[in-house]
Amino acid sequence: MDKAAFSVVPEPTSADAVRALIDHAILKPELTRADVDAQLDEAAAHRVFSVCVRPSDVTHAVERLQGTGVGVGTVIGFPHGTTSTGAKVAESLQALADGAFELDMVQNIGAAKSGDWERVEADVRAVVDAAGSTVVKVILETAFLTDDEIVAASRAAQSAGAAFVKTSTGFAGGGATAEHIRLMRETVGPDTGVKASGGVRGLDTLLEMVAAGADRIGTSASARILDEVAHRAATGSASVLGDDTTSY
């Protein structure tokens with residue numbers, strides 16, 4: 001994927017357009033291999049853009065999804081971002097060797113809260129350099145940041161060569177908000193991707209994030225969202241499903 005080929009997407013109007021936005025998250029620490037397999041099979045059945053799995057699941061996910069067209073991404077420095085830069089680089093290289101096609105790294109949140117933007121940028125740049133042509137998304141964990149810190153973190157990630165800035169891990173409380181997505185989009189402009197992740201549990205929320213400027217969505221509610229797309233296409237009205245409150 002061209003790391004610079006990102007722009008604000010129009011509101012999705014079809015199931016295929018929604019599928020193309022979704023990174024299906026399979027990241028809960030307690031998931032068994034059977035749980036992971038069920039989620040991988042669900043992602044394949046719904047033909048989402050990709051899955052984002054735990055680093056230890058990458059090789060298995062690549063093998064299970066071979067031939068489905070669903071990409072396999074993983075997380076780096078997850079979920080706190082406090083591992084050393086060297087550890088993040090090593091984790092990235094292992095993930096790439098295992099077959100990951102995208103990396104979602106957590107920025108050094110403590111450095112961001114300290115205003116040490118040089119350290120934040122250097123941490124991201126090291127992973128970007130290790131990744132080469134592979135897409136790197138930087139998780140800001142916006143629930144912990146002020147608006148000014150979100151702007152500075154987005155700029156640091158962009159300056160370091162990241163392809164995306166991303167709101168959340170889904171494990172820190174809070175999650176993506178339309179206001180934060182707009183702020184991130186305004187900061188990075190049209191040439192860097194913006195990923196909304198955390199709390200996107202239904203179609204209405206997904207559409208709100210896209211309208212605010214997101215061009216990728218991280219969610220574990222993919223089936224619920226795509227069922228809602230199908231219902232609206234068939235009936236012209238919202239279903240009674242609502243959000244999947246068990247997802248993240």
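**Figure 1. The residue that follows helix H9.** Gly 213, placed just after H9, adopts a positive phi of about 130°. The coordinates shown here and in the following views belong to a predicted model. Helix H9 itself covers residues 203-212 and is mostly covered, with 7 of its 10 residues buried. These buried positions are Leu 203, Thr 205, Leu 206, Leu 207, Met 209, Val 210 and Ala 212.

**Figure 2. The surroundings of helix H9.** The buried residues of H9 pack against both helices and strands. The helical partners are H1 (15-19), H8 (178-188) and H10 (222-235). The strands in this environment are S1, S7 (193-197) and S8.

**Figure 3. The crossing of helices H9 and H10.** The axes of H9 and H10 come within 9 Å of each other and cross at roughly 95°. H9 therefore lies roughly perpendicular to H10, since angles of 65 to 115 degrees fall in that class. On the H9 side, the contact involves Leu 203, Asp 204, Leu 206 and Leu 207. Their counterparts in H10 are Ile 225, Glu 228, Val 229 and Arg 232. Of the H9 residues in this contact, Leu 203, Leu 206 and Leu 207 are also among the buried residues of the helix.

**Figure 4. Helix H8 and its cover.** Helix H8 is largely enclosed by the rest of the structure, because 8 of its 11 residues are buried. The buried set consists of Ala 178, His 180, Ile 181, Leu 183, Met 184, Arg 185, Thr 187 and Val 188. What covers these residues includes helix H7 (147-159), strand S6 (164-166), strand S7 and helix H9. Gly 189 follows H8 and has a positive phi, near 75°.

**Figure 5. The barrel and its closure.** The sheet is a closed barrel of 8 strands, in the order S1-S2-S3-S4-S5-S6-S7-S8, and its pairing is parallel. Neighbouring strands of this sheet are turned against each other by 25° on average, direction ignored. Strand S1 (residues 22-26) pairs with strand S8 (residues 216-219) in the parallel sense, over 3 bridges. Within this pairing, Asp 23 has Gly 218 of S8 as its bridge partner.

**Figure 6. Val 70 in the loop before strand S3.** Val 70 is located in the loop between helix H3 (58-64) and strand S3 (71-76). Its relative accessibility is 8%, so Val 70 counts as buried, the limit for that class being under 20%. Not counting residues up to four places away in sequence, Val 70 touches Ala 43, Ala 44, Arg 47, Val 48, Phe 49, Ser 50, Val 51 and Leu 65. Gln 39 is 31 residues from Val 70 along the chain, and the C-alpha atoms of the two are separated by 12 Å.

**Figure 7. The whole chain, for orientation.** The protein contains 10 helices and 8 strands. Its C-alpha trace spans about 50 × 35 × 30 Å along the principal axes. The radius of gyration is 17 Å, which agrees with the value near 18 Å that a compact globule of 248 residues would have. Of the 248 residues, 52% count as buried. Among contacts with a separation of 6 or more, 68% join residues 24 or more positions apart. The accessible surface comes to about 10100 Å², and 51% of that area belongs to carbon and sulfur atoms.

How values were computed:
Residues are numbered from 1 along each chain as its sequence is written. This is a predicted model: local features need pLDDT of at least 70, side-chain atom pairs count only at pLDDT 80 or more; totals for chains, interfaces and linings use all residues. Side-chain values use heavy atoms; hydrogens and water are left out. Two strands pair if DSSP finds at least two bridges between them. Helices (H or I, at least four residues) and strands (E, at least two) are DSSP runs, numbered from the N terminus. Axes are lines fitted to C-alpha atoms, for helices over the stretch in contact, and angles run from 0 to 180 degrees between N-to-C directions. The radius of gyration is taken over C-alpha atoms; the globule rule is 2.2 Å times the number of residues to the power 0.38. Buried means under 20% relative accessible area, exposed over 50%, partly exposed in between (1.4 Å probe, protein chains only). Contact means heavy atoms within 4.5 Å. Accessible areas come from the Shrake-Rupley method with a 1.4 Å probe; for residues, only the protein chains shown count as cover. Angles under 35 degrees count as roughly parallel, over 145 as roughly antiparallel, 65 to 115 as roughly perpendicular and the rest as oblique.
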